[in-house]
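Biologist: I have not looked at this one before, so could you walk me through it slowly? I would like to begin with the empty spaces inside.

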Amino acid sequence: MNYLPFSLRDVNEKSIADFSSVIHTASNKKIALIVQGGGQRGIFSAGVLDSFLEHQFDPFELYIGTSAGALNLSSFISRQPRFGYHFIRNVSMDDQFFNLYKYLSKQQPMNLEWALQQVSASGLYPLDIATAHKTLAHRTALACATRKDTLQDYYLPMYQQDWQEVLLASCAIPLLYNQPVNMDELQWVDGGVSAAIPVKEAWRRGADLVVVIRTEPLEDSVTEMNRGEDRGILDDWRENIETQLPYYIDKLSLNESVDKIKNIHQELSQRFEQWRQQHWEDKEDNAQNTASKTKTIPKKSWFSPLNVERLLEITGQGTNSEILEMLARYHHTYRDVNDFLVNPPQGLQVIQIAPEKSLNSSALLSNYEDLELDYQQGKQIGEQFVTSFSQLLNQKTSLMQHLR
């Protein structure tokens, strides 16, 4: 038995016992922790990791995070409970981080620099760099980022002198953050474009057991993959603009034109509906012409190339072929990694910790009540995971030789 789903719905004592017996009879294992991104949905991961911290549970020799997952890992490594919780609730919800009106009027993208300043030594929520370095004495921590010219995933060491630039590169979501991120004479974008769940890199680096913390339910990811409707942060972006803009109006400063915002909302809603209808007409009328495109972009997703080009126009990006290529790359790698996770190669065991159903929060523009519910669910499943596996994994980790 080399794969185990682990959620409030999937916890099964027999399955846990069978999976554990395989670990117990094997020699010591190199254990990796992988944390998926997902924007504000990362508050679920923050809850899981806070449960780990409360029980001083860390048998992991390798950490890899993507986007918001890399930031959550940062505070786990620095041993700062509730850091991710406060960052998401207080920093990512602040209009200085993302103001929808300013974004739509092309004045200001997502302000990652300001957010990362809050976790610097002079910020409101400074990361404990010294403790992180102690934690990493016999461990490796990597943040996944995507090279913009090749759309290849790269794994950048965390907590070195350029740690803020590394996090910036890993979190630079296309469309939402349109500033260039330059390191080592290369440009970088969000790691989720090329490796939303970087489990393959852990395997390549010799991991025998990988624990993955996801921000979507496992059933949904498999169903969407089979239907060709896998979702990403861009889908959330579209959905949030369409459904939550009226709520967001209440958060805007008084000197903004509410009438103008309402007009933008009405126009967006109308265009989104037109795009949906047009997509289905295009699909029926031009099935043969679009066959080659649907190999990389799911046919049933209304984020077809034509629709994305329209989306780019309204966000001021024009017909940007780079964005289309990134979206195609994301869909391809996402389907591939989901198959890898449920059918791992011989010698690799995988546990996926996931919410039991779709989280209440969204990638952006969540509300505080939903964030709280998702955080508490993360804490609960994290507690159950510790109860089920802490003793065994603490005994079997190859780190034991260094921790004695």
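Biologist: How many cavities of 30 Å³ or more does the structure hold?

Modeller: The structure holds 5 cavities of that volume or more, where a cavity is a set of points, on a 1 Å grid over the protein atoms alone, at which a 1.4 Å probe fits but cannot get out. Grid points are joined across faces, edges and corners, and a volume is the space filled by probe spheres set on the points. Please keep in mind that this is a predicted model, in which local features need pLDDT of at least 70 and side-chain atom pairs count only at pLDDT 80 or more, while totals for chains, interfaces and linings use all residues. Residues are numbered from 1 along each chain as its sequence is written, and side-chain values use heavy atoms, with hydrogens and water left out.

Biologist: OK, how much space lies in the largest cavity, and which residues are the closest to its centre?

Modeller: The largest cavity has about 300 Å³ of space. It is lined by 23 residues, and the closest to its centre are Gly39, Ala68, Leu71, Phe87 and Phe97; a lining residue is one with an atom within 4 Å of a point.

Biologist: And which helices supply at least two residues of that lining?

Modeller: Those are H3 (68–77), H4 (83–91), H6 (112–117) and H8 (163–171), with H4 giving the most, 4 residues. Helices here are DSSP runs of H or I with at least four residues, and strands are runs of E with at least two, numbered from the N terminus.

Biologist: What is the lining of the largest cavity like by class?

Modeller: It has 16 nonpolar, 7 polar and no charged residues, where Ala, Val, Leu, Ile, Met, Phe, Trp, Tyr, Cys and Pro count as nonpolar, Asp, Glu, Lys and Arg as charged, and the others, Gly among them, as polar.

Biologist: Back to Phe97 for a second: where is phenylalanine 97 found, and is it buried or exposed?

Modeller: Phenylalanine 97 is found in the loop between H4 and helix H5 (100–104). With a relative accessible area of 7%, phenylalanine 97 is buried; buried means under 20%, exposed over 50% and partly exposed in between, with a 1.4 Å probe and protein chains only.

Biologist: Which residues does phenylalanine 97 touch, not counting those up to four places away in sequence?

Modeller: Among them are Val91, Pro109, Met110, Trp114 and Leu364, a contact being heavy atoms within 4.5 Å. Phenylalanine 97 and tryptophan 114 are 17 residues apart in sequence, and their C-alpha atoms are 6.8 Å apart in space.

Biologist: What about the second largest cavity, how much space lies there?

Modeller: About 50 Å³ lies in the second largest cavity, and its lining residues include Ala46, Asp50, Asn72, Phe76 and Arg82. Helix H2 (42–54), H3 and H4 each give two or more residues to that lining, and the largest share, 4 residues, comes from H2. By class, the lining of the second largest cavity divides into 5 nonpolar, 4 polar and 2 charged residues.

Biologist: Where does arginine 82 lie, and what is its phi near?

Modeller: Arginine 82 lies in the loop between H3 and H4, and its phi is near 65°, a positive value in a residue other than glycine. Arginine 82 counts as partly exposed because its relative accessibility is 34%.

Biologist: New topic: which residues touch the most other members of the largest nonpolar core?

Modeller: Of the 83 residues in that core, these are Leu33, Phe52 and Phe385, and helix H15 (residues 368–396) gives the most to the core, with 8 residues. A nonpolar core is a set of buried Ala, Val, Leu, Ile, Met, Phe, Trp, Tyr and Cys residues joined through side-chain atoms within 4.5 Å. Leaving out residues up to four places away in sequence, phenylalanine 52 touches Phe57, Phe60, Phe76, Ile353, Gly382, Phe385 and Val386. A second, separate core of 25 residues includes Ala32, Ile64, Val199 and Val212.

Biologist: Last one, how many residues of H8 are buried?

Modeller: H8 is mostly covered, with 7 of its 9 residues buried, including Trp163, Val166 and Cys171. For the protein as a whole, 56% of the 404 residues count as buried, and the secondary structure comes to 16 helices and 9 strands.

Key
1 Å grid on protein atoms, 1.4 Å probe; cavity = no way out; pocket = protein on both sides within 12 Å on 5 of 7 lines; lining within 4 Å.
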